[in-house]
Amino acid sequence: MATPPAPQTPEQPATPVAPSEPAKKKSGLGKKILGVAVAIAIALFWRLGLPHLTGEAPVHAEAGDCVVVTGPDNDPKVDSTSCTEKVPDLYKVVKVIDNTFDIDKCEGVAEVALAQQLETDKFVLCMEPVKN
């Protein structure tokens, strides 16, 4: 005659459990590379893209164009506009001198000079006020 199985106690599981494997750590290298790539993208957007989206990028006007100059002397904002606008601080660009910040090159050419930089281009706008 067969013997009945021994009753199980709550302390003993019905089936043996294999010891769980320790969780594998993910490589931190991938996260670091992703973090650096995101930081570079944000820096480039901040430096190159944001001024264009907010309209604060310098205007690279050409001779004959009219611009409105506003803001403080140490950080002027230049916006293109029609020469027929009746607004204060309206100037007509007489000459553009590329590859320099030397406003003295406008001496004898125009009454007002403004050095600007647009991305890697540097230039000076030589301007005359428009009388309305």
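**View 1. Val-109 is partly exposed, with a relative accessible area of 33%.** The model shown in this and the following views is predicted. Val-109 sits in the loop that runs between β3 and β4. Its 33% relative accessible area falls between the two limits, since buried means under 20% and exposed means over 50%. Once neighbours within four places in sequence are set aside, the residues in contact with Val-109 are Val-94, Lys-95, Cys-126 and Glu-128. For Val-109 and Lys-95, which are 14 residues apart along the chain, the C-alpha atoms are separated by 7.8 Å.

**View 2. A disulfide joins Cys-106 to Cys-126.** The S to S distance of this pair is 1.8 Å. Cys-106 belongs to the loop between β3 and β4, while Cys-126 belongs to strand β5, so the bond ties together parts that are 20 residues apart in sequence. The torsion about the S-S bond is -75°, and the link is left-handed. Cys-106 and Cys-126 are both buried. Cys-126 is also one of the residues in contact with Val-109, and Val-109 is found in the loop between β3 and β4.

**View 3. A disulfide joins Cys-66 to Cys-83.** In this pair the S to S distance is 1.9 Å. Cys-66 is in strand β1 and Cys-83 is in the loop between β2 and β3, so the disulfide connects parts that are 17 residues apart in sequence. The torsion about the S-S bond is about 105°, and the disulfide is therefore right-handed. Cys-66 has a relative accessibility of 3% and counts as buried, because buried means under 20% relative accessible area. Cys-83, with a relative accessible area of 31%, is partly exposed. The structure holds two disulfides, and with bonded cysteines counted along the chain their pattern is 1-2, 3-4.

**View 4. Five strands form an open sheet with antiparallel pairing.** The order across the sheet is β2-β1-β3-β5-β4. β2 (77-81) and β4 (112-118) are the edge strands, and each of them pairs on one side only. From one strand to the next, the twist averages 45°.

**View 5. Strands β1 and β2 form a hairpin with six residues between the strands.** Strand β1 covers residues 66-70 and pairs with β2 in the antiparallel sense over five bridges. Thr-70 of this pair stands opposite Lys-77 in β2. Within the hairpin, Gly-71 takes a positive phi near 95°. Cys-66, the β1 cysteine of the disulfide to Cys-83, lies in strand β1.

**View 6. Strand β3 pairs with β1 and with β5.** The pairing of β1 and β3 is antiparallel and runs over three bridges. Here Val-68 has Leu-90 in β3 as its bridge partner. The pairing of β3 (residues 90-98) with β5 (residues 121-129) is also in the antiparallel sense, over seven bridges. Tyr-91 stands opposite Pro-129 in β5. Val-93 has Met-127 in β5 as its bridge partner. In the order of the sheet, β3 stands between β1 and β5.

**View 7. The protein chain contains one helix and five strands.** Read from the N terminus, its elements run α-β-β-β-β-β. The chain has 132 residues, of which 17% count as buried. Cys-66 is among the buried residues, at 3% relative accessibility, and Cys-106 and Cys-126 are buried as well. The accessible surface comes to about 10,300 Å², and 58% of it belongs to carbon and sulfur atoms. Among contacts in the chain with a separation of 6 or more, 48% are between residues 24 or more positions apart.

Notes
Residues are numbered from 1 along each chain as its sequence is written. This is a predicted model: local features need pLDDT of at least 70, side-chain atom pairs count only at pLDDT 80 or more; totals for chains, interfaces and linings use all residues. Side-chain values use heavy atoms; hydrogens and water are left out. Two strands pair if DSSP finds at least two bridges between them. Helices (H or I, at least four residues) and strands (E, at least two) are DSSP runs, numbered from the N terminus. Axes are lines fitted to C-alpha atoms, for helices over the stretch in contact, and angles run from 0 to 180 degrees between N-to-C directions. Buried means under 20% relative accessible area, exposed over 50%, partly exposed in between (1.4 Å probe, protein chains only). Contact means heavy atoms within 4.5 Å. Accessible areas come from the Shrake-Rupley method with a 1.4 Å probe; for residues, only the protein chains shown count as cover. A disulfide is a pair of cysteine sulfur atoms within 2.5 Å.
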